[in-house]
Amino acid sequence: MWISVPVLLTLLQALAVLGRRVVVNWDVGYVDIDRDGYGSRRAIGVNGVLPIPPVRVTVGDTLALTVHNSLNLTTSIHAHGLFQKGTNYMDGAASTTQCGIPPGSQFTYEYVVQQAGTFWLHAHDHHQNVDGLRTPLVVYDRGSPPVKYDEDILLSFEDWYTETFTERLRVTLDPSLPFPPPHRTGFGLINGINGNLTKPIHFQSGRTYRLRLINMSSTRWFQFSLPGHAMRVVEIDGMYTEPLDVDGVDIAPAQRYSVLVTAHSTSSFNYHFNTTMYATFIPVEPGLSPRIFIGDIIYQQGAPFVQPSSYDDSFRWAKDIDLHALDQEPALPVDRSLELVIGRSLYSTGQNLDHFNNITYAPPITPALYTALGMGNMATDEKVYGPQAHAIVLKHNEVIELVIHNSEDVPHPLHLHGHAFQITEYGPTKQFLPSNATAFPVVKNSGVPAKRDTVLIVPAQYVKLRFRANNPGVWMFHCHMDIHFAMGLALTFIEAPEVLQKTQKVPPDMLELCAKQGVKTTGNAAGNQGLNFTGLPPVPTIVLREA
């Protein structure tokens, strides 16, 4: 089902009448903090505070987030998972939908929140989210939600490192240093604090709790379970699902889950919850990788604890291919299929870089959205977005199937801005399997596929995703492991530019962000006319293919 632009605008106006204006003021600046017990380091917080308080709104509210930049670099804020229908310019992806906010300047992101669910706000410039600029965004249903529960409990998970992201990226991309660089085991934070100091969860007998679980980490996965309690998945990545009973959830970076848990009828015992931070590509080091954090579920102070049991073969992990969308939308009929192969190669710069279809991403000078809006009929020519933005132009309302193969030896959580996609199939990409490996089976969704905005693809695997191009705009598709994003694993969908030009206009104060930095807001990727890309950096070439 798709909604025309005039109907969408009418719906937004109706929502705005119902909602309130939620004003949030952020002064983004540096803070020195010890979050992991390994010593203080420079991080990025808001209003002198880290962790940043969660933002909570209701569908139909207008969120007005004013960001004052007290950093020494540009910054921007992305509302991860919000589609920004009709407001593509508020997506917050620096160099794609805006110029970053310069040091000493401020900008207000203001839009009507159209979706209920579990989301998060994070920096989308210079990977500042890794250094702390990230926080949950909870959007409540207006009226009764489609699932019944008594209380919300929010649990956010983060990885944290003794080095800043800038330093970690430097040793990754420096051609004079060994590649890959030494592994960092990192530390785990729960609700922004040391995972070993996690505050207890308090349960009251007979009540049903909605646990909103958000993995805001840059590199690590988090497994979560509540031994002795049944968990029921009802939402993934802001999209409601048919309920599915599970024993635990395995959450890749940028993914979110909501699970319902009904407390026991007796308060005679207390319990523990388990949180395991891990990455399959990090060698096992006892106590360091994986890291295990045990928290308390308190029914009654002083009551004895039931000791958790270990995982066995009967343990049921949530799998998105087993979930079904609550809205019962069947698998979309495909209009166009696009094949993407993830790889890594040694380039002429001496750097090991990631790529889709041999194109390693680098940002344009003029934001791609401004090129789409200002180039007239040429906006449908993928070349005007530059040789490394990896632009793919989509027709209005066509159904796209992405068939993505992972030829690398590491997993990738892939995030699509502006959309949720249906997950229809996983399977082995046999030519990328090690010779001694057993191919895992093809698994298809039966009936109504679940939708989400971040999908995990493991080594030697393919995944099939479908979405309708019904949201005119410029949308990134990238790995949400920040180190891989910075190494070039990203591309840009240019969706219905001819419709975009007729329906959206960038606010003047947003264009002023570019003017302050001498960046043109018209023209191609270099701010020039036609296909003159003078001013863009040289395009590196592949010297040795690693995968």
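This report describes selected backbone features, a helix, two sheets and a pocket in a predicted model.

**Backbone features in loops**

Four loop residues have backbone geometry that is worth listing. The table gives each one with its value and its place.

| Residue | Feature and value | Place |
|---|---|---|
| Proline 51 | cis peptide bond from leucine 50, omega near 10 degrees | loop between strand S2 (41-46) and strand S3 (55-58) |
| Proline 290 | cis peptide bond with serine 289, omega about 0 degrees | loop between strand S19 (271-278) and strand S20 (291-298) |
| Alanine 254 | positive phi of about 85 degrees | loop between strand S17 (248-251) and strand S18 (256-262) |
| Alanine 496 | positive phi of about 50 degrees | loop between strand S32 (490-495) and helix H5 (497-503) |

Neither of the two alanines is a glycine, yet alanine 254 has a positive phi, and alanine 496 has one too. Are these alanines buried or exposed? Alanine 254 has a relative accessibility of 0%, so it counts as buried. Alanine 496 also counts as buried, because its relative accessibility is 0%.

**The first sheet**

Strands S19 and S20, which flank the loop of proline 290, are part of an open sheet of five strands. The order across this sheet is S12-S20-S19-S14-S17, and the pairing is mixed. Its edges are formed by strand S12 (201-202) and S17, each of which pairs on one side only. S17 runs antiparallel to strand S14 (residues 221-225), and four bridges join the two. In one of these pairs of residues, serine 225 has glycine 248 of S17 as its bridge partner. S17 is also the strand that comes before the loop holding alanine 254.

**The second sheet**

Another open sheet of five strands has the order S23-S32-S31-S25-S29, again with mixed pairing. Strand S23 (391-394) and strand S29 (454-457) are at the edges; each has a single partner strand, so one side of each has no neighbour in the sheet. On average, neighbouring strands here are turned by 20 degrees against each other, with direction ignored. Within the sheet, strand S31 (residues 473-479) and S32 run antiparallel and are joined by six bridges. Phenylalanine 477 stands opposite leucine 491, which belongs to S32. S32 is followed by the loop that holds alanine 496.

**Helix H2**

Helix H2 covers residues 165-173. Which of its residues are buried? They are Phe165, Arg168, Leu169, Val171, Thr172 and Leu173. An α-helix has 3.6 residues a turn, so residues three or four places apart point the same way. The buried residues of H2 pack against strand S22 (352-356) and helix H4 (482-486).

**The second largest pocket**

The second largest pocket holds about 990 Å³ of space. It is lined by 49 residues, of which Asp125, His126, His127, Leu169 and Pro363 are the closest to its centre. Leu169 is also one of the buried residues of H2. Which elements give two or more residues to the lining? They are S2, strand S7 (117-123), H2, S31 and H4. H2 gives the most, with four residues. By residue class, the lining divides into 26 nonpolar, 19 polar and four charged residues.

Several elements described above come together here. H2 and H4, which pack against each other through buried residues of H2, both contribute to this lining. S31 of the second sheet contributes to the lining as well, as does S2, the strand before the loop of proline 51.

Key
Residues numbered from 1 in each chain as written. Predicted model: local features only at pLDDT ≥ 70, side-chain atom pairs only at ≥ 80, totals over all residues. Heavy atoms only, no water. Buried < 20%, exposed > 50% of the residue type's maximum accessible area, 1.4 Å probe, protein only. Contact = heavy atoms within 4.5 Å. Pairing = 2+ DSSP bridges. Axes fitted to C-alpha atoms, helices over the stretch in contact; angles between N-to-C directions. 1 Å grid on protein atoms, 1.4 Å probe; cavity = no way out; pocket = protein on both sides within 12 Å on 5 of 7 lines; lining within 4 Å. Points joined across faces, edges and corners; volume = space filled by probe spheres on them. Nonpolar A, V, L, I, M, F, W, Y, C, P; charged D, E, K, R; others polar.
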